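Here are some short exercises to work through at your own pace. Try each task first, then compare your reasoning with the solution below it.

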Number of protein chains: 2
Amino acid sequence: MKILICDDEVLIRNVIKEYLLLEHYEVYEASDGEEAINIVSNNNIDLVIMDIMMPKMDGYQAIKEIKKIKAIPFIILSARGEEFDKLYGFDLGIDDYVTKPFSPKELVARIKAIMKRTQNEDVLYKYEDLVLDVLAHEVRIGNKKLELTPKEYDLLKYFMQNKNIALSREAILMNVWGYDFYGDERTVDTHVKTLRNSLGKYRDIIVTVRGMGYKFVVKETN
Amino acid sequence: MKILICDDEVLIRNVIKEYLLLEHYEVYEASDGEEAINIVSNNNIDLVIMDIMMPKMDGYQAIKEIKKIKAIPFIILSARGEEFDKLYGFDLGIDDYVTKPFSPKELVARIKAIMKRTQNEDVLYKYEDLVLDVLAHEVRIGNKKLELTPKEYDLLKYFMQNKNIALSREAILMNVWGYDFYGDERTVDTHVKTLRNSLGKYRDIIVTVRGMGYKFVVKETN
DNA sequence: CAAAAATGTGATAAATATATGAAAAAAAGA
DNA sequence: TCTTTTTTTCATATATTTATCACATTTTTG
């Protein structure tokens, strides 16, 4: 998921970037409207966070131009609430707006909400006839739906988002349980066990990496 | 990895310290800005966690001074979200900020994220068709995956990170086993033996340096 | 060349890591 | 509330890895 942050203040970009990286988004930066247009045209950006007040080419203008290139969601950063009125005046398809000063956490929450709403790619993770369907929130092998518990589902999703990457128990807990999980690391083992049992013929796709963690291993498909 | 905690409240320092030590970071403490500056100038600190509200010299000032000495990442602790506004005013390169009260686990998570980003480690070490893939946590010769034990993997990684450098048993133990290993130096020999056996046609790439240790020798490829 | 020192190697006991079943605890539903 | 499901923890079984030792082999030293 690629996000472009367009703001002339490097400090603000950095703060936002930190938070987005924590959520494993890929982050691009632009310091003015022109740069933003360039980046959008050369990269497959999924969402733009745009400051309105910028030198060179302001946010309104930049959004107009980008809209010509590609239909992607925008989140507007504006210094004060009043400016939001102006946005109405323009017929820009703004998906959300956040006033400065903002809470980065709130921003992230909104991004997620938008992504959920607009995202239509990347909702299927596949390996052969094993399919994890994010929208339907279900996993199938062929036509047969698997009965997974919520944790099993989340865990499998994390694995399928990180194919062929060895994941430590710590990283798994962090990403599937959240940073505030205070329990035993071995909990992961148990869930891997139950997930494997649920995966039928694919039970061995989750490989133990001794001394390290686990890995979702797929055959090279080149 | 050395982290400096700068906060006037000893209680908060202790809590943070506790968690950082668990993660095997080396922890330094300062109770005010001046002390922080001293510590940074005399030690090779990698990251600073700084409280904003402090007597003597406040966090803003301290960060400014430290930035003059050394470019290191900062994480700000501020009492309330509103203070984040102030940070805008200053042109400080803040890498992240956390509002009190905070979860130590979250703090640790952010530190890790920053560390990961600032040092971005190489993920592939190669010699001819011998490849050590850090992400996948595996070693291949051509397409064939080698079955290495964790120690063999770590040892090979250390060798490949130090090509053509003669490594003493002591240095190897220190870096692969850790400073707290109290066993026999000859243990290294045994692991070199098993590693060589696992390396197939590359078994002789690890050369014995008599009276000294071992060396991963590659032909010059210039 | 013989003795001493250093390294190579096979065997193995001890340590460590993972798999798994079952029970306790927590959360979700009715 | 009671029931059911899910999650976590725990104990035990199984598997793997590691460290050490003894002895073989090689190299160096005197």
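**Exercise 1. A hairpin**

Keep in mind that this model is predicted. Find the residue of strand 7 of chain A that is the bridge partner of A:Tyr125, and describe how strand 6 and strand 7 of chain A are connected.

*Solution.* Start with the pair itself: A:Tyr125 has A:Leu132 as its bridge partner in strand 7 of chain A. Next, look at the two strands as a whole. Strand 6 of chain A covers residues 124-127 and strand 7 of chain A covers residues 130-133; four bridges pair them in the antiparallel sense. Finally, follow the chain from one to the other: two residues lie between the strands, which makes a hairpin. In this turn, A:Glu128 has a positive phi of about 50°.

**Exercise 2. Two open sheets**

Work out the strand order of the two open sheets in chain A and name the edge strands of each.

*Solution.* Begin with the sheet of four strands. Its order is 6-7-8-9 in chain A, with antiparallel pairing. Strand 6 and strand 9 (144-145) of chain A each pair on one side only, so they are the edge strands. Now check one pairing: strand 8 (residues 138-141) of chain A runs antiparallel to strand 9 of chain A, and two bridges join them. Within this pairing, A:Arg140 stands opposite A:Lys145.

Then turn to the sheet of three strands, whose order is 10-12-11 in chain A, again with antiparallel pairing. Its edge strands are strand 10 (167-168) and strand 11 (206-209) of chain A, as each pairs on one side only. Strand 10 of chain A pairs with strand 12 (residues 213-216) of chain A over two antiparallel bridges. Here A:Leu167 stands opposite A:Tyr214 of strand 12.

**Exercise 3. The faces of a helix**

Which residues of helix 2 (residues 33-42) of chain B are buried, and how are they arranged around the helix axis?

*Solution.* First list the buried residues: B:Gly33, B:Ala36, B:Ile37 and B:Val40. Next, look down the axis of helix 2 of chain B: these buried residues fall within an arc of 100°, so they line one face of the helix. Then ask what that face meets. The buried residues pack against strand 1 (2-6), strand 2 (26-30), strand 3 (47-51) and helix 3 (59-69) of chain B. Last, view the other side of helix 2 of chain B, where B:Asn38 and B:Asn42 are exposed.

**Exercise 4. A lysine in helix 8**

Decide whether B:Lys193 is buried or exposed.

*Solution.* Locate the residue first: B:Lys193 sits in helix 8 of chain B. The cut-off you need is that a residue with 12 or fewer other C-beta atoms within 10 Å counts as exposed. B:Lys193 has 12 such atoms, so B:Lys193 is exposed. For a sense of its surroundings, compare sequence and space: B:Lys193 and B:Ile206 are 13 residues apart in sequence, and their C-alpha atoms are 9.7 Å apart.

**Exercise 5. Around the DNA**

How many residues surround DNA strand D, and which elements give two or more residues to the surface near DNA strand D?

*Solution.* Count first: 23 residues surround DNA strand D, with A:Thr149, A:Gly183, B:Thr149, B:Lys151 and B:Gly183 the closest. Helix 6 (150-161) and helix 8 of chain A, together with helix 6 (150-161) and helix 8 of chain B, each give two or more residues. Sorted by class, this surface has four nonpolar, 10 polar and nine charged residues.

Repeat the steps for DNA strand C. Among its 18 surrounding residues, A:Asp189, A:Lys193, A:Thr208, B:Asp189 and B:Thr208 come nearest. The elements giving two or more residues here are helix 8 (187-198) of chain A and helix 8 (187-198) of chain B. The classes are four nonpolar, six polar and eight charged.

Technical notes: Residues are numbered from 1 along each chain as its sequence is written. Chains are lettered from A and ligands numbered from 1 in the order in which they are written. This is a predicted model: local features need pLDDT of at least 70, side-chain atom pairs count only at pLDDT 80 or more; totals for chains, interfaces and linings use all residues. A residue is near a molecule or strand if its C-beta atom, placed from the backbone, lies within 6 Å of it. Ala, Val, Leu, Ile, Met, Phe, Trp, Tyr, Cys and Pro count as nonpolar, Asp, Glu, Lys and Arg as charged, and the others, Gly among them, as polar. Two strands pair if DSSP finds at least two bridges between them. A residue is buried if 20 or more other C-beta atoms lie within 10 Å of its own, exposed if 12 or fewer, and partly exposed in between; C-beta atoms are placed from the backbone. The arc is that of the directions from the helix axis to the C-beta atoms. Two residues are in contact if their C-beta atoms, placed from the backbone, lie within 7 Å.
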